Amino acid sequence: MFVTLVISCRICASDAGDKTINYEFLSGHDRGSIYWARIIAGIMWSVILTMALFYLPILIFSAVNGWGLELDAGNAIIRLFLALLPAIRLSAFFMMTASILRSSGKGIALGYGFVMVMVILISIIQDVLNLDITWQFAFSNVMSLLSFENSRNMVINGETVTVYDSALSSGMVVGTILASAAATFIYTYIAYDIFKKKDRD
């Protein structure tokens, strides 16, 4: 999450306070192309690097030791691909804050603070109200996809193995896709609307 936060904000707003963007205007680029180039680059690099931190160890250890019996490989792949969507959603939110504040540093600080508040809020909602929070927030969405709560011990080939229930409900899949798509669209549109109207330094 912190890698996504820093890279997204740096790509989107590191030059907001200097004259670099004015040279882009003078080169004939319109506000839309300047803005969306930053958004696309921010999402691509932040999500690629963040997911590499998750996926590379899994691929390396699976190649060396085999996949194992504890987890269904197909369900694991689905979970890993779905985790990309809330990661993009997080990146879009961070870039929105950085664009609005016109500062990568302020965007990083506010984004980090917001995520920490949301983590506390999610914990309170789950503990006090006994509600299950999964796809409703990006951070909880990623954690729900990459963690397993239900398991059972089975004897396979004479060996006791802890097998995890990795199947996803249709509500989780649909909620992840729709919430991530809607939130990403809203965040990027809000930032673009402000970006195209605000005068440059």
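In the predicted model, helix H4 (73-82) has Ala-76, Arg-79, Leu-80 and Leu-82 as its buried residues. These residues lie on the same side of H4, because the arc they cover around the axis is only 165 degrees. The elements covering the buried residues of H4 include H3, H5, H7 and H8. At the start of H4, the backbone nitrogen of Gly-74 is approached to within 3.2 Å by a side-chain oxygen of Asp-72.

Asp-72 is also among the residues touched by Ser-166, which is placed in the loop between strand S2 (159-164) and H8. Ser-166 counts as buried because its relative accessibility is 3%, under the 20% cut-off. Its side chain is joined to that of Asn-75 by a polar contact of 3.1 Å. When residues up to four places away in sequence are not counted, Ser-166 touches Leu-71, Asp-72, Asn-75, Arg-79 and Phe-148. Of these, Arg-79 is one of the buried residues of H4.

H4 also contributes to the largest nonpolar core, supplying at least two of its residues. This core comprises 30 residues, and those with the most contacts inside it are Cys-9, Tyr-35, Ile-39 and Phe-94. At least two core residues each are likewise supplied by helix H1 (2-13), helix H3 (31-65), helix H5 (84-101), helix H6 (104-128), helix H7 (138-145) and helix H8 (170-197). With neighbours within four places in sequence left aside, Ile-39 is in contact with Cys-12, Met-95 and Thr-188.

Note on methods: Residues are numbered from 1 along each chain as its sequence is written. This is a predicted model: local features need pLDDT of at least 70, side-chain atom pairs count only at pLDDT 80 or more; totals for chains, interfaces and linings use all residues. Side-chain values use heavy atoms; hydrogens and water are left out. A nonpolar core is a set of buried Ala, Val, Leu, Ile, Met, Phe, Trp, Tyr and Cys residues joined through side-chain atoms within 4.5 Å. Buried means under 20% relative accessible area, exposed over 50%, partly exposed in between (1.4 Å probe, protein chains only). Helices (H or I, at least four residues) and strands (E, at least two) are DSSP runs, numbered from the N terminus. Contact means heavy atoms within 4.5 Å. The arc is that of the directions from the helix axis to the C-beta atoms. A polar contact is a pair of N or O atoms within 3.5 Å; within protein, one must be able to donate a hydrogen and the other to accept it, and residues adjacent in sequence count only if both atoms are side-chain atoms.
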